[in-house]
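Student: Could we go through this structure together, one question at a time?

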Amino acid sequence: MADVLFKGTPAHTSGELPKVGSKAPDFKLTAGDLSEVSLANFKGKKKLLSIVHSLDTGVCAASTKRFNDIAKNRADVVVLVVSCDLPFAQARFCGAEGVKNVVTLSMMRDRHFAKDYGVLLTDSPLAGLTARATLVLDENDKVLYMQLGPEITVEPDYDRALAALK
Amino acid sequence: MTNITHRGNPVHTIGELPAVGSRAPDFRLTDANLHDVSLADFRGKKKLLNIFPSIDTPTCALSTRKFNEYAAKHPNAVIIMVSADLPFAQQHFCSVENTHNVKTLSMMRDRNFAKDYGVLLLDGLYQGITARAIVVIDENDKVVYTELVPEIRQEPNYDKALAALK
């Protein structure tokens with residue numbers, strides 16, 4: 001369990017993010033075409049996982065656009081934006097915002113990803129969704145960097161995430 | 001378990017809709033302000049639940065507009081859209097489409113509603129979200145009408161549902 005804040009009020013996650021140096025847990029998430037996607041689908045690339053509670057909220061939208069810009073110039077990196085939004089909402093957002101360089105993945109089928117990555121919120125108005133977190137994985141799925149956003153309404157640390165991708 | 005189809009392919013729900021004449025199961029769902037709402041909050045009123053897979057897909061959007069038109073002319077009618085969309089997506093739809101006469105409630109926290117009302121899909125492209133269904137509940141929470149739409153892409157029977165609400 002980890003402590004974060006939502007608009008200044010304490011909130012709690014179900015567990016801890018995977019540790020730096022550990023192998024990232026595999027996952028099954030749902031892509032825009034409703035197909036199942038696992039971590040193994042991106043083997044051989046560096047991955048940036050941007051975990052957000054909803055693309056229809058301001059900070060999540062801003063970070064997704066920022067990571068989309070970063071991904072544009074990095075053929076060796078895949079940016080995975082993971083949220084509890086249904087794939088239909090993710091596709092609507094990306095279409096409206098011209099976001100084409102990230103892969104959006106949905107927890108529509110279950111919250112196993114949120115539990116396995118320790119980011120499921122167990123209380124607060126966002127209970128059932130996820131805390132804000134960023135992970136960088138290497139080509140072999142080893143965790144190089146992770147940040148759990150201490151205040152859910154604040155953007156992630158882009159500089160440190162980018163440094164970890166170098 | 002009930003057999004229906006999605007785009008002509010067989011899919012299965014976890015259970016059966018509550019039987020006409022039975023007491024509607026209580027529920028905990030989440031409104032646009034991220035507040036939890038239960039069936040008891042609408043006691044003393046007739047309610048129509050329009051249950052669907054996602055407000056960001058065409059048939060669900062169409063049914064929301066149609067029920068909103070009715071609700072605009074019948075200010076005492078309680079017509080509630082229930083889906084696995086996050087409240088942010090439901091709100092986005094209602095503000096873009098100006099459908100403020102119906103209520104929207106989300107299964108963001110869990111799928112208990114979907115299980116208790118027997119509409120959770122166990123397989124197919126929409127596994128993890130719900131079939132399309134209508135449940136009309138009277139002032140004392142007794143079920144007076146139900147429809148499980150046999151093909152998910154089809155619209156519900158509006159005339160019958162609204163007649164039951166009168």
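Tutor: Let us begin with a pair of strands. Strand β6 (residues 78-83) of chain B and β7(B) pair in the parallel sense over 4 bridges, where strands are DSSP E runs of at least two residues, helices are H or I runs of at least four, both numbered from the N terminus, and pairing needs at least two DSSP bridges. The model is predicted, so local features need pLDDT of at least 70 and side-chain atom pairs 80 or more, while totals for chains, interfaces and linings use all residues. Residues are numbered from 1 along each chain as its sequence is written, and chains are lettered from A and ligands numbered from 1 in the order written.

Student: Which residue stands opposite T104(B) in β7(B)?

Tutor: T104(B) belongs to strand β7 (residues 103-106) of chain B. The residue standing opposite T104(B) is M81(B).

Student: Which helix joins β6(B) and β7(B) in a right-handed β-α-β unit?

Tutor: Right-handed means that, with the strands pointing away from the viewer, the path from the first strand over the helix to the second runs clockwise. The helix in this unit spans residues 87-97 of chain B and is α2.

Student: Are the residues on the two sides of β7(B) buried or exposed?

Tutor: A residue is buried with 20 or more other C-beta atoms (placed from the backbone) within 10 Å of its own, exposed with 12 or fewer, and partly exposed in between. K103(B) and L105(B) on one side, and T104(B) and S106(B) on the other, are all buried.

Student: What percentage of chain B is buried?

Tutor: Chain B has 4 helices and 9 strands. Of its 166 residues, the buried share is 43%.
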